[in-house]
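Student: Hi, please walk me through this one. I'm new to reading structures, so plain words are welcome.

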Amino acid sequence: MDSPLPLHVCHVNNLSVILNKLHALLHCIAIAFLIYYRASYLLQETRAISIIPWLLVFASELLLSFIWLLGRAYLWRPVSRTVFPERLPEDDKLPAIDVFICTADPEKEPTFGVMNTVLSAMALDYPADKLHVYLSDDGGSPITLRGMREAFRFAKWWIPFCRRYRIKTICPQAYFSEAESDENFGDSEFVTEKRKIKEKYEMFEEQVMKAVEDGEYGNSRNHSTIIEIIQDTSGENETIRQADLVEMPLLVYVSREKSPEHLHHFKGGALNVLLRVSGVISNSPYILGLDCDMYCNDPTSARQAMCFHLDPKTSSSLAFVQFPQKFHNFNEHDIYDGSLRSGYRLQWPGMDGLKGPFLTGTGHYIRRESLYGNFKHKGIDLAELKDTFGESNLFIKSLHQSYEHKNVNGENLSNVLQQETEVLASCSYEHQTKWGEEVGFSYQSVSEDFFTGFILHCKGWTSTYLDPSRPQFLGTSTTNLNDVLIQGTRWASGLIDVSISRFCPLLYGPSRMSLLLSMCYGEMSLFPLLYCLPLWCFATLPQLCLLNGIPLYPEVSSPFFMVLSFIFLSAICKHLQEVISTGGSVYTWRNEQRIWMIKSVTSHFYGSMDAIMKLLGLRKASFLPTNKVLDNEQVKRYEMGQFDFQTSSVFLVPMVSLMILNVAALVCGVIRMIAVGNWDKLFAQVLLSLYILIINFAIVEGMIVRKDKGRISPSAILLSSLFFVTFLFFGSIILI
């Protein structure tokens, strides 16, 4: 008997593998020569310059070399995958799926956008009786609850329309705003139906906006539990054609109890509440995690993910299938690197060849069992289960795969189940349990997704990355510098939380996973700290020495100058090659270089310091949601490729101060080379300042040229100038 056709295939780009390894070998040889040059100078009995700047530059070069070496693991064996969802079993044999969507603040996460995400999840091409959508509202806002009711009412029109005409763009907001490209456009019946659905959509939008205007936002820090299965009580069914009456996915609103006296663990805590509440309501074996602004763009993602989860060769160890985050609102300039090109086009495919990528906070289909640790197996007594999962007998029953509650058809919860879910969503339920430690999403870091994925890989689970040609999920990217840096600070803090804990991937990982996979996790958890420190050094110390006539690099005539030049050009050319090979351009390369430098000296530095202060007990953990509200003026500047410098002085002063320092160093360095004639000794430092200024010319432009609202304010420039003078004064004293 012939073996069944595979549900998916894996492709390895052998040419890329060979080129990556060859480049790594040559670059390593050059780094070895650089280390020899620095070390030999330190061993000299007499030295021409002070040892302090030399040591600092050497330490920075070692840190950059180390983080670069860790990053080579991503390029060891990159793979891509193709799936065949048409080979899946019949619908009645497909497993059920729960969808988790989290929102926290209706002011920063507009309710109408959140409801469009909910509607897109309900419209997935999957059996309705096996699809259950849960929205966690951490803000406890009546506006969000009313929006859910309006969304369900519109869904009774939207879902039949999508299924009847096989609509590919299943987010209504995206569908009605895109150009007319429907295959059924010539069908008069379709045109009539679409016009009617659009009218319903406009009524839905009007009702949600009215709820936002008239409603109360609620107290996000102190509110009781609200859990409601959303139903349509308007009696509107009578107006829907009998042919269009279809079974609806279950839609559940969950607002967990919150109190200032209790830790709520941010998004990780909200996800664990959804995990427990859904466990006693629908208990689906697989979970789709979505951010509230990351809508389902294509209806087939669930079936594509099942091509891996239902593969008998890999399913027993597969924890999750990760799709990339893609965005609908970034343009060709992408000045803030909002597409996260390096991550989703290089790092995730690279990890996919090493047992699987990181878990990211959205766009993943995760196996419920993997989140229950090793406590789901038989033979564990009830007392131990309660110590782990809490006192709920009903939830402990749900740990058995055979458990399935029958009350999932859209009816109200029974009184007993209602009370049980409220207990599971209460503030005190997790006390003296192992939630967030050994089961559920982890509380070790505010980057709960990254750390949870790391622990799953340590336990022997694997993951898979799938990047189809058509984006399966689309979100809203940040389009102003302030939101980019706030988000970057939060991400950096969460990653450094992991790297400075006992779970540091480079120490905790190698005995539990492959060395290469540990290197990937190590690079991701350490890069904010190991980039910010060297870049602060390279943006200040060579310039300060240049202002004082102190050379730090080999003379142009020295063979070691060629070594240094090779390392610099090798890194730049490799980055450029990666950008172009993934569809980017020279402008993309320039933008990525610039935002890397900006983030390193601002958000990555502050995020690293935040994590260290939390470790020392000097600061409490915090979580600031990314603002999803778009400002028209900021969007216009973004579309023009202009930076918007309307951000805090905490971010502006470091950037502007470094630009002033590099301008001063460049001018002074050129004068010194002409007047004194020792151009070969200072050439490398002059070239470094010139490179920094060319890449970051947008900052100089914002200081001097621009007069619009998005320029750098005169007060920030003045404060930066004072900071520069202070640094120059004390720095020169130390050097001299």
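Helices, strands and a few residues

Tutor: Let's start with two helices: helix α2 passes α16 in a left-handed crossing. Left-handed means the near helix is turned anticlockwise from the far one by less than a right angle, and right-handed means clockwise. Helices (H or I, at least four residues) and strands (E, at least two) are DSSP runs, numbered from the N terminus.

Student: Before we go on, what kind of model is this?

Tutor: This is a predicted model, where local features need pLDDT of at least 70 and side-chain atom pairs count only at pLDDT 80 or more, while totals for chains, interfaces and linings use all residues. Residues are numbered from 1 along each chain as its sequence is written, and side-chain values use heavy atoms, with hydrogens and water left out.

Student: Got it. Back to that pair: at roughly what angle do the axes of α2 and α16 cross?

Tutor: The axes of α2 (residues 51-71) and α16 (residues 515-547) cross at roughly 150° and come within 8 Å. Axes are lines fitted to C-alpha atoms, for helices over the stretch in contact, with angles from 0 to 180 degrees between N-to-C directions. That is why α2 and α16 are roughly antiparallel to each other. Angles under 35 degrees count as roughly parallel, over 145 as roughly antiparallel, 65 to 115 as roughly perpendicular and the rest as oblique.

Student: And how do α21 and α24 cross?

Tutor: For α21 (residues 649-676) and α24 (residues 714-735), the axes come within 8 Å and cross at roughly 60°, so these helices are oblique to each other. Their crossing is right-handed. Among the residues in this contact (heavy atoms within 4.5 Å) are Leu 652 and Ile 660 of α21, with Phe 723 and Phe 727 of α24. By class, twelve are nonpolar, four polar and none charged. Here Ala, Val, Leu, Ile, Met, Phe, Trp, Tyr, Cys and Pro count as nonpolar, Asp, Glu, Lys and Arg as charged, and the others, Gly among them, as polar.

Student: Switching to strands. How many residues of β4 are buried?

Tutor: Seven of the seven residues of β4 (residues 131-137) are buried, so this strand is largely enclosed by the rest of the structure. Buried means under 20% relative accessible area, exposed over 50%, and partly exposed in between (1.4 Å probe, protein chains only). Strand β3 (residues 97-103) pairs with β4 in the parallel sense over seven bridges. Two strands pair if DSSP finds at least two bridges between them. Phe 100 has Tyr 134 in β4 as its bridge partner.

Student: Which side chains of β5 are buried?

Tutor: The side chains alternate along β5 (residues 226-229): Ile 227 and Ile 229 point to one face and are buried, whereas Ile 226 and Glu 228 point to the other and are not. Four bridges join β5 to the antiparallel strand β6 (residues 250-255), with Ile 226 opposite Ser 255.

Student: One more. What does Lys 267 touch?

Tutor: Lys 267 lies in helix α7 (residues 266-281). Leaving aside residues up to four places away in sequence, Lys 267 touches Cys 102, Asp 291, Gly 361 and Glu 448. Lys 267 counts as buried, at 18% relative accessibility. Val 280 is also found in α7, and at 0% relative accessibility Val 280 counts as buried.
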